[in-house]
Amino acid sequence: MYRTWRPAPDGALRGGSAATLPSGEHLAGKARRRHGATAISEYEKFRRLLFAAPARRHMLGRHCRLIRRKMPHSTIPSLEEIMRKRNFIATGFFMLMALSAFSEAQAEHVTLKIAHFLSPLAPAQTDVLVPWCETLTAESQGRITCQFYPSMQLGGTPAQLVNQVEHGVADVVWTAPGYSSGRFPRIEAMELPFMITDATTGSRAVWEYAQTLAAEDFQSMKVLAVFSDGGTLFDTARTEIKSLDDIKGMKLRVPTRLAAQTVTAMGGLPISMPAGQVTEAIAKGVVDGALGSWEALHQTKLDEVTRFHTTPPAGGRMVVTTVLGLFMNKDVYARMSPELQAVIDRNSGTPLVERFAQVWENAGADARKAALARGNKISALAPEEYEAIVKSTRPVEDAWIKETDAKGLDGAALAKAARDIAEKYSKK
């Protein structure tokens with residue numbers, strides 16, 4: 001038991017003849033709880049004076065009285081009792097310092113909850129996100145780790161992933177902004193029909209556009225990367241698409257609202273559904289096919305239920321693009337130390353965009369080989385038929401410009417900038 005120390009006329013604190021000297025840990029801990037940083041500063045002076053040369057020990061008594069004036073509730077014993085117990089007190093101080101350092105180290109550990117809409121075997125997780133997390137762990141010396149929640153394991157739908165990261169349900173999400181219809185009006189320009197030619201140049205174009213013209217769309221989140229898929233082609237089960245007439249009346253799964261408008265403009269019937277449900281829907285005849293990307297073809301087993309894969313002619317732009325992004329909760333990032341923030345920053349942005357693009361290219365090449373190995377047919381549209389399809393979709397861009405203007409933005413300028421940036425990268 002520790003007695004309450006009361007000031008005596010000579011300035012010392014005494015608790016009676018049977019008083020027991022509190023340990024340094026007890027003193028400093030009690031002071032820190034009551035007085036915070038002030039207590040730590042004063043007790044650091046106290047420790048230095050404790051081990052000062054004998055000629056300076058008189059200063060210790062004076063410093064004890066100073067602590068009492070600054071912190072009236074402190075429990076400081078007399079100088080004589082301090083000297084008798086100084087080794088015991090010193091041990092307490094060193095223990096306090098070690099425990100404080102340990103607590104700070106513990107507080108620095110961050111486990112990132114990463115959620116997305118595809119399976120744990122998808123290249124996005126196995127070839128991008130897992131290696132990315134391993135790099136974060138290595139560079140942070142184990143202070144950043146990751147826990148994955150694929151296939152919407154945190155609940156909700158893919159369209160709700162943005163809400164989940166904003167509200168802290170997930171710390172990081174990989175998703176398509178276009179799934180949250182209307183929420184990201186600027187970046188949507190990159191999803192206008194016939195915008196990109198491939199994953200690499202498309203992702204570079206999307207990343208530049210996102211940084212220069214669409215940053216306001218993502219103010220509620222920490223942006224780690226924004227990029228494109230490889231662009232979509234026609235994947236159909238029973239009918240090969242050779243012309244615009246073949247699309248009329250065909251039920252096609254679409255990934256975004258602009259993709260739906262594009263299919264409608266071509267005379268088809270757009271069907272919106274999550275990527276994980278497309279294969280079953282085609283197998284059951286609910287839809288006739290899909291606007292799908294090469295990199296998703298094999299991982300979603302779409303090649304098992306479709307027989308025809310129709311692409312643009314050589315050098316042609318893909319039908320539509322799905323913009324994708326990796327986003328982080330802003331509060332989670334803000335709570336990290338500058339050192340851990342630096343680990344996140346140097347492994348995000350351009351390097352991460354390039355990593356996604358390369359994985360898409362590799363997955364697309366593998367998907368083509370797998371489709372051919374199954375006996376599926378890959379064909380390119382004749383140039384004149386391709387141009388007819390492109391022409392049929394021009395009203396989509398006109399309508400988008402008017403709609404965007406109504407939101408107080410310059411739709412024509414955004415659409416032109418998107419096409420100019422895409423063209424710049426496609427020529428590199």
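Trainee: Where is Gln125 found?
Mentor: Gln125 sits in helix α6, which covers residues 123–139. Keep in mind that this is a predicted model.

Trainee: Got it. Is Gln125 buried or exposed?
Mentor: Buried, because its relative accessibility is 8% and the cut-off for buried is under 20%.

Trainee: And what is Gln125 in contact with, leaving aside neighbours within four places in sequence?
Mentor: With that restriction, the contacts of Gln125 are His116, Ser119, Pro120, Val130, Pro131, Phe148 and Pro150.

Trainee: Let's move on to charges. How many salt bridges does a search of the whole structure find?
Mentor: The search turns up 16 salt bridges. One of them involves helix α6 again: Glu139 meets Arg346 through their side chains, at 2.7 Å from N to O. Arg346 belongs to helix α14 (residues 338–346) and Glu139 to helix α6, so this pair ties together parts that are 207 residues apart in sequence.

Trainee: How accessible are Arg346 and Glu139?
Mentor: Arg346 counts as partly exposed at 48% relative accessibility, and Glu139 is also partly exposed, at 34%.

Trainee: What about Asp217 and Arg186, how do their side chains meet?
Mentor: In a salt bridge, with 2.8 Å from N to O. This pair links distant parts of the chain, 31 residues apart: Asp217 is in the loop between α8 (199–212) and β6 (222–228), while Arg186 is in the loop between β5 (172–175) and α8.

Trainee: Are those two buried or exposed?
Mentor: Asp217 is buried, with a relative accessible area of 8%. Arg186 is buried too, with 15%.

Trainee: Which side chain does Lys284 meet in a salt bridge?
Mentor: That would be Glu280, at 2.7 Å from N to O. Lys284 counts as exposed at 60% relative accessibility, whereas Glu280 is partly exposed at 48%. There is also a network elsewhere in the list: Glu188, Arg257, Glu403 and Lys407 are joined by salt bridges that share partners.

Trainee: Time for strands. What is the order of the open sheet of six strands?
Mentor: The order runs β9-β8-β10-β7-β11-β13, and the pairing is mixed. β9 (269–272) and β13 (377–380) are at the edges with a single partner strand each, so one side of each has no neighbour in the sheet. On average, neighbouring strands here are turned by 30° against each other, direction ignored.

Trainee: In which sense do β11 and β13 pair, parallel or antiparallel?
Mentor: Parallel, over four bridges, with β11 spanning residues 308–311. Within that pair, Phe308 stands opposite Lys377 of β13.

Trainee: Any backbone angles I should look at in the loops?
Mentor: Try Ser151 and Phe194. Ser151 has a positive phi of about 55° although it is not a glycine, and it lies in the loop between β4 (144–149) and α7 (161–166). Phe194 also has a positive phi, again about 55°, and is not a glycine either; its place is the loop between β5 and α8.

Trainee: How do Ser151 and Phe194 compare in accessibility?
Mentor: Ser151 is partly exposed, with a relative accessible area of 39%. Phe194 counts as buried, at 7%.

Trainee: Now the inside. Which residues in the largest nonpolar core touch the most other members?
Mentor: Leu112, Trp174, Ile187 and Tyr209, in a core of 73 residues. Helix α18 (residues 411–426) gives the most to this core, with seven residues. Apart from it there is another core, of 19 residues, with Leu244, Met250, Leu252 and Ala260 among them.

Trainee: Tell me about Met250. Where does it lie?
Mentor: Met250 is in the loop between α9 (244–247) and β8 (251–254). Met250 counts as buried, at 7% relative accessibility.

Trainee: What does Met250 contact, neighbours within four places in sequence aside?
Mentor: Thr236, Thr239, Ile241, Gly268, Leu269 and Asp288.

Trainee: Last one: how far apart are Met250 and Val263 in space?
Mentor: They are 9.1 Å apart, C-alpha to C-alpha, with their positions 13 residues apart in sequence numbering.

Terms used:
Residues numbered from 1 in each chain as written. Predicted model: local features only at pLDDT ≥ 70, side-chain atom pairs only at ≥ 80, totals over all residues. Heavy atoms only, no water. Helix = DSSP H or I, 4+ residues; strand = E, 2+ residues; numbered from the N terminus. Buried < 20%, exposed > 50% of the residue type's maximum accessible area, 1.4 Å probe, protein only. Contact = heavy atoms within 4.5 Å. Pairing = 2+ DSSP bridges. Axes fitted to C-alpha atoms, helices over the stretch in contact; angles between N-to-C directions. Salt bridge = Lys/Arg side-chain N within 4 Å of Asp/Glu carboxyl O. Core = buried A, V, L, I, M, F, W, Y, C linked by side-chain atoms within 4.5 Å.
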